[in-house]
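Open the model in your viewer and keep the sequence panel beside it. We will go from one selection to the next.

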Amino acid sequence: MTQQFMSVKETAEYLNMSVAWVYRDAARAGLVPYRFGCGRNAKLHFKVSEVQAWVKQQRLSGG
């Protein structure tokens, strides 16, 4: 079975961005985080398929 969610650290590595960027700007950029748990112990994760789709949308058109 393939991995369905990525942690913040895994998402940052996949995007070649900092963990701070993922926490601060990913939602503003259009990446939807999923919160597992509640309160201060909650963990953010991102759906692998949504991150991959977001990356494809960021591609600049040739021209």
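## First stop: a residue in helix α2

Select A26, which is found in helix α2. Bear in mind that this is a predicted model. Is A26 buried or exposed? A26 has a relative accessible area of 1%. That is under the 20% cut-off for buried, so A26 counts as buried.

Now show the neighbours. Leaving out residues up to four places away in sequence, A26 touches W21, L31 and F46. Add S7 and draw a C-alpha to C-alpha distance. A26 and S7 are 13 Å apart in space and 19 residues apart in sequence.

Step back one residue to D25. It also gives you the limits of the helix: D25 is found in α2, which covers residues 19–29. D25 counts as buried because its relative accessibility is 16%. Show side chains here. Which side chain does D25 contact? The side chain of D25 makes a polar contact with that of R24, at 3.0 Å.

## Second stop: the sheet

Switch to cartoon and colour the strands. You should find 3 of them in an open sheet, in the order β1-β3-β2, with antiparallel pairing. Which strands sit at the edges? They are β1 (5–7) and β2 (33–36), each pairing on one side only. From one strand to the next, the twist averages 45°.

Zoom in on β2 and β3. Strand β3 spans residues 43–47, and 4 bridges join it to β2. The two strands run antiparallel. Pick Y34 and look across to β3: its bridge partner is H45. Then pick P33, which stands opposite F46 in β3. F46 was on the earlier list too, as one of the residues that A26 touches.

Follow the chain through the hairpin of β2 and β3. There are 6 residues between the strands. Stop at G37, where phi is positive, near 100°.

## Third stop: helices on the sheet

Select residues 48–57. This is helix α3, which lies across β1, β2 and β3. It runs at about 60° to β3.

Add α1 to the view. How do α1 and α3 meet? Their axes come within 12 Å and cross at roughly 25°. Angles under 35 degrees count as roughly parallel, so α1 is roughly parallel to α3. The crossing of α1 and α3 is right-handed. To see the contact, show T11, Y14 and L15 on α1. On α3, show V51, Q52, W54 and V55.

## Last stop: T11

Keep T11 selected and hide the rest of that group. T11 lies in helix α1. How much of T11 is accessible? Its relative accessible area is 0%, so T11 is buried.

Which residues does T11 touch, not counting those up to four places away in sequence? They are M6, V22, F46 and V51. Show these four together with T11. V51 belongs to α3, on its side of the contact with α1. F46 comes up once more: A26 touches it, T11 touches it, and P33 stands opposite it. Centre the view on F46 and bring back A26, T11 and P33 to end the tour.

Notes
Residues numbered from 1 in each chain as written. Predicted model: local features only at pLDDT ≥ 70, side-chain atom pairs only at ≥ 80, totals over all residues. Heavy atoms only, no water. Helix = DSSP H or I, 4+ residues; strand = E, 2+ residues; numbered from the N terminus. Buried < 20%, exposed > 50% of the residue type's maximum accessible area, 1.4 Å probe, protein only. Polar contact = N/O pair within 3.5 Å; in protein donor to acceptor, adjacent residues only side chain to side chain. Pairing = 2+ DSSP bridges. Axes fitted to C-alpha atoms, helices over the stretch in contact; angles between N-to-C directions. Contact = heavy atoms within 4.5 Å. Parallel < 35°, antiparallel > 145°, perpendicular 65-115°, else oblique. Left-handed = near helix turned anticlockwise from the far one by under 90°.
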